[in-house]
Amino acid sequence: MNLGQNFQKEECCGCRACYNICPTKAIQMSHDEKGFLYPVIDEDKCIDCGLCAKVCDFRKFTPTAVTPDCYAVKHSDESEIATSRSGAFFIALAQYILAQNGIVFGCVIENSRYVFLKWAADKEGVDKFKGSKYVQSDTRDTFKECDDFLKTGKTVLFSGLGCQVHGLLSYLEQKKADTSNLITCDIVCHGAPSPKLWGEYIDYRDSLSDFKVVDVDFRNKKLFGWRAHRESFLLSNATTTTTTTDWTNAFYAHVMFRESCYNCKYTTPNRRSDFTIADYWGIEKNAPEFDDNKGVSLVLVRTQKAKNIFASLDNIRAVKTDLKNSLQPQLQHPSLKGKGYDRFWKDYL
């Protein structure tokens, strides 16, 4: 059984907050037929404490009254920009945390298939967080791990999707955790595609030659520039790179996202996170001096904690811009369900 008789898939983002908060481990996460994780309750273990309902931020979130400061940002090290998706602000922020012997949580892809959040305490680990991953990531046990690090006094940077970061904040509130050393950074998200579809797509790519996919770049900036959106695959012979727009086309057709993505509560600049980041589309109008097709980060600085950190960063170049002229569609409303959505899943299933 799922979370209550009135449970609807469009009301669940799969952040795992309920799974992490359950005191009797009565909640497990299970994949549905489309490959998305949803909570399932073991009634024999459930003690009706109600924590799973209380911790669900997706159902209760309302935009804050805080208007963030808006910046166009580039890392001062061109090599960091070249190996990052946009302007490498996240790396600049992570470097600040590492300099304090802190912990950074971010998204990785392993074996070209499995996308999830994990923590890192050094540059080598943080570098694996670079780049966009157009697949829904699994938070696994990172909420508990974050809480454990905070209890030791560590400074922690937690990055993820808006729903994941807000799920963490709600979890820590329920745990009455001290979050004075926590910095949160979420991204402007277009939508979260099915991990199952991604795995099967890699199976298809593997079937096209005698060599297997060993690395993937969802948007190859090195070959095509920052504005291009074309995925590339490095094969196991280590000399062949193939490129295509198959996954990209399906992504922008809005047919393979999680149901909650079309009902997303976090498509607003008025979030609770310290920072929100994205590619800075429209930079040619708002800060043309940064428009070099190498990548620029849109950075929303929201809390006083974030403002203090931002002012102290000596590894970035930043230009303050007008928020209203910088709002991407996903900072204004959820992605619209593609016209081919029903047909796509009918054919697939």
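This report walks through the overall build of a predicted model and a few of its loop residues.

Residues are numbered from 1 along each chain as its sequence is written, and side-chain values use heavy atoms, with hydrogens and water left out. Because the model is predicted, local features need pLDDT of at least 70 and side-chain atom pairs count only at pLDDT 80 or more, while totals for chains, interfaces and linings use all residues.

Let's start with the whole protein. There are 14 helices and 13 strands, read as DSSP runs (H or I, at least four residues, for helices; E, at least two, for strands) and numbered from the N terminus. The C-alpha atoms fill a box of roughly 60 × 50 × 35 Å along the principal axes. Of the 349 residues, 52% are buried, where buried means under 20% relative accessible area, exposed means over 50%, and partly exposed is in between (1.4 Å probe, protein chains only).

Now for three residues that sit in loops:

| Residue | Loop | Relative accessibility |
|---|---|---|
| Aspartate 44 | strand 2 (37-41) to helix 2 (51-54) | 78%, exposed |
| Alanine 88 | helix 4 (78-82) to helix 5 (89-98) | 4%, buried |
| Asparagine 101 | helix 5 to strand 4 (103-110) | 54%, exposed |

What about the backbone? Alanine 88 isn't a glycine, yet has a positive phi of about 65 degrees. Asparagine 101, also a residue other than glycine, has a positive phi near 60 degrees.
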